[in-house]
Amino acid sequence: MNRTELTERLRREEVPDALYEIPGVHGVPVQLDAYYVLRPEGDAWPVLLRQRGQEEVIARFGTEAEACGYLYDTLTDVPPPAPGGAERIDRLLADADDIQRRAEEDFERAPDDGTPGGT
């Protein structure tokens, strides 16, 4: 399996797009606090976990097929979401542009003197 096939299989399994990033093949539409990244580095194929802006290699493979298989198994071998969890993620993804716009508006309204309350 290659990265394109992995993305197709994960979509068929209805794995939320926000849980993984495969540069050049699949981007993360809304970055959650944690998601997986499959990014080739030279002759290696690391699978990383990106949490709060920090990346940690959780496994490294010699071939693309091994890395893809590992990531597929990891993402499809999870317990089902809590009731309403999948719908909540779908709503979040659907509202991504509005959430980004509101965050930018909040940022623009925030005081810039570095103190709470702006004084």
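Q: Hey, of the contacts between residues at least 6 apart in sequence, what share joins residues at least 24 apart?
A: That share is 28% in this protein. Keep in mind that the model is predicted.

Q: Good to know. How many helices and strands are there?
A: There are 4 helices and 4 strands.

Q: And what pattern do they follow along the sequence?
A: The pattern reads α-β-β-β-β-α-α-α.

Q: Switching to surfaces: what percentage of the residues counts as buried?
A: Of the 119 residues, 24% count as buried.

Q: How much area does the protein expose, and what do carbon and sulfur atoms supply?
A: About 8100 Å² is exposed, and carbon and sulfur atoms supply 47% of that area.

Q: Let's talk charges. How many salt bridges does the structure hold?
A: The count is 10. One of them pairs the side chains of R60 and E41, with an N to O distance of 3.7 Å.

Q: Where do R60 and E41 lie?
A: R60 belongs to strand β4, which covers residues 54-61, while E41 sits in the loop between β2 (34-38) and β3 (45-51), so their pairing ties together parts that are 19 residues apart in sequence.

Q: What is the relative accessible area of R60?
A: R60 has 48% and is partly exposed. Its partner E41 also has a value in hand: 35% relative accessibility, which counts as partly exposed.

Q: Which partner does D98 have in a salt bridge?
A: D98 pairs with R101, and their closest N and O atoms are 2.2 Å apart.

Q: Where do D98 and R101 lie?
A: Both are in helix α4, residues 96-109, and they are 3 residues apart, about one turn of the helix. D98 is partly exposed at 29%, and R101 is partly exposed at 39%.

Q: What about E105: which residue does E105 form a salt bridge with?
A: E105 forms one with R101 as well, where the closest N and O atoms are 2.8 Å apart. E105 and R101 both lie in helix α4, 4 residues apart, which is about one turn of the helix. The relative accessibility of E105 is 34%, so E105 counts as partly exposed.

Q: Which residues are joined into one network by salt bridges that share partners?
A: That network consists of R39, E41, R50, E55 and R60. The R60 and E41 pair from earlier is a salt bridge too.

Q: Last one, in general terms: why can side chains of opposite charge pair?
A: They can pair when their charged atoms come close.

Technical notes. Residues are numbered from 1 along each chain as its sequence is written. This is a predicted model: local features need pLDDT of at least 70, side-chain atom pairs count only at pLDDT 80 or more; totals for chains, interfaces and linings use all residues. Side-chain values use heavy atoms; hydrogens and water are left out. Helices (H or I, at least four residues) and strands (E, at least two) are DSSP runs, numbered from the N terminus. Buried means under 20% relative accessible area, exposed over 50%, partly exposed in between (1.4 Å probe, protein chains only). Contact means heavy atoms within 4.5 Å. Accessible areas come from the Shrake-Rupley method with a 1.4 Å probe; for residues, only the protein chains shown count as cover. A salt bridge is a side-chain nitrogen of Lys or Arg within 4 Å of a carboxyl oxygen of Asp or Glu.
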